[in-house]
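Me: Please take a close look at one local part of this model, going through the geometry step by step. After that, place that part in the rest of the chain.

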Amino acid sequence: MNPEFLRNVWLEMTPRRMGLMAGLLLLAFLAASLNAGAEIGPPALAPFLYYVIVVVWGSRNAAMGVVGEIRDRTWDMQRLSSLSAATMTWGKLFGSTIYNWFGGAICLVVAFFGQTAHEGVLVAVLQLIFYVFIGVIAQAASLLASLIAINRKEAHSRLEIFLYQVVGLCAAIVVYWVWSAANPADSLVHPQTTTDTIPWWGITFAARPFLLISLAIFAAWTLIGCYREMRLELKMRNGPLVWLVFLAFMGLYVAGFDAWLAQSSDMKLWSAVSLRLALAGTTFAALTYLMVLLEPKDRVHYRWMESQIRAGHVVNAFTGIQAWMMSSAALFITVVLLVLTLFGNPMPQAFVLAALGFVTRDVAIFIFMQTLPGRRRGDLAALVILFMLYVLIPLV
């Protein structure tokens, strides 16, 4: 068994804590069942308790998985161990949250049998899978945010740990919002807009299976992100191949929803190819902004890449290329193809080229501010400059 996971199991799953969790949940369900005349029974209470225990509390524990070791001054010793990045990622993510999953499993059993009695086994199974995915994504997103902050050499105050947790909670909210579009029971989110089918790349799919498969894929990508950040923390080197595959996946996945964009009155004159390229380009632009903000921008690394290219070691320089560079290149290629498909429509062409120019300028601001000599506050300064350019100056 994974030694890091086993260590966390020994620390978290003591008989006293397990008995306390089971006893509290039993009392909560008993109180709900005995509350005569109330609409909330154990099957309705169980999902709420699951969200509290696994999503809210679990994302906090996941954010503390590595940060807690750093604060306790035990992380350096663990990094010097023979554990691989995959072993450390699995052990930290699911080991630090094993107690939450224990309580969440009890809630899922109650929710599953309650939903089976009311809506059938198939609906209950699909909902059960959704609960597992939303928990995994929330916790993995929190761990990923903490690992990114660690690699950026940022401090780990209580406020910053809370922000890592907020990242996981935001991911869970997005997942819940998307899933509720195909779940009429969640009428608080989508009271009038639930759908049974989703068109993607011209093919109509059943909404719930399509969304569950999508959640599984994005959960896998989040776990891969945690693994790659753990490799960086363990002083290993990540190649560009995984990010290139992720870019291709995101471009193809988002481009398939062109049928939704075609419903807009401004887009009805665009061809299907142009709509798909526009969606892919927007995705690449968003990833460019995200990664240029998150990745370290080191002058020494850029000079090393330049020296490798000058020496003719292009392949070696390519292994050190950053994610924002690959995203920018994908955006440039997509914009060129989009402009070609919009031949004869000068206004959309001008808009697309101007958008590319804005993205290029903004990336240059991030790089310039971060590579200035002196005390580093480049990302914050770049954000302030962009706020002035996009908000204050237009208002003036």
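Reply: A relative accessible area under 20% is called buried, one over 50% exposed, and anything in between partly exposed. The model is predicted. The part I take is the β hairpin with the aromatic residues around it.

Strand β1 covers residues 197-200 and strand β2 covers residues 203-206; the two pair in the antiparallel sense over four bridges. Two of the partners can be named: I198 in β1 is bridged to F205 in β2, and P199 has T204 as its bridge partner in β2. Side chains in a regular strand alternate between the two faces of the sheet. Two residues separate β1 from β2, which makes the unit a hairpin.

One of the residues in that turn is W201, in the loop between β1 and β2. The phi of W201 is positive, about 55 degrees, although W201 is not a glycine. For most residues other than glycine, phi is negative. With 32% relative accessible area, W201 is partly exposed, because that value falls between the cut-offs of 20% and 50%.

The hairpin also contributes to a set of linked rings. Ring pairs join W200, F205, F210, F218, W221, W243, F246, F249, Y253 and F257 into a cluster. By residue number, W200 belongs to β1 and F205 to β2, and F205 is the residue already met as the bridge partner of I198. Across the whole structure a search finds 24 aromatic pairs. For W221 and F249 the ring centres are 5.9 Å apart and the planes meet at 35 degrees, so this pair is tilted. W221 sits in helix α9 (residues 207-233) and F249 in helix α10 (residues 241-255), so the pair ties together parts that lie 28 residues apart in sequence. Each of the two rings belongs to a buried residue: W221 counts as buried at 17% relative accessibility, and F249 counts as buried at 18%.

The loop between α9 and α10 is where K235 is placed. Like W201, K235 is not a glycine and has a positive phi, here about 65 degrees. At 60% relative accessibility K235 counts as exposed, because the cut-off for that class is 50%, whereas W201 at 32% is partly exposed.

Now the rest of the chain. The protein has 17 helices and two strands, and its C-alpha trace spans about 70 × 55 × 45 Å along the principal axes. Of its 396 residues, 44% are buried. Among contacts with a separation of 6 or more, 72% are between residues 24 or more positions apart.

Near the C-terminal end of the numbering, two helices can be read together. Helix α16 (346-370) has 25 residues that should span 36 Å at 1.5 Å a residue, and the end C-alpha atoms of α16 are 36 Å apart, which agrees. The buried residues of α16 include P348, V352, L356, V359, V363 and F366; the elements covering the buried residues include α12, α13 (299-310), α15 (323-341) and α17. Helix α17 runs over residues 378-395 and reaches 25 Å from its first C-alpha to its last, close to the expected 26 Å. A kink of about 40 degrees is nevertheless present in α17, centred on M388. The buried residues of α17 are G378, D379, A382 and L386, and they pack against α12 (272-294) and α16.

Two further local features lie elsewhere. R17 lies over the face of Y99, at 4.0 Å from the ring centre. T74 belongs to the loop between α3 (42-71) and α4 (75-79) and is partly exposed, with a relative accessible area of 24%. T74 and H156 are 82 residues apart along the chain, and their C-alpha atoms are separated by 15 Å.

Back at the starting point, the hairpin holds together two descriptions: a pair of strands with four bridges, and a place in the ring cluster through W200 and F205.

Conventions: Residues are numbered from 1 along each chain as its sequence is written. This is a predicted model: local features need pLDDT of at least 70, side-chain atom pairs count only at pLDDT 80 or more; totals for chains, interfaces and linings use all residues. Side-chain values use heavy atoms; hydrogens and water are left out. The expected span of a helix is 1.5 Å times one less than its number of residues. The bend at a residue is the angle between axes fitted to the seven residues ending there and the seven starting there. Buried means under 20% relative accessible area, exposed over 50%, partly exposed in between (1.4 Å probe, protein chains only). Contact means heavy atoms within 4.5 Å. Two strands pair if DSSP finds at least two bridges between them. Rings of Phe, Tyr and Trp (its six-membered ring) pair if their centres lie within 6.5 Å; planes under 30 degrees apart count as stacked, over 60 as edge-to-face and the rest as tilted. A charge sits over a ring if NZ of Lys or CZ of Arg is within 6 Å of the ring centre and within 35 degrees of the ring normal.
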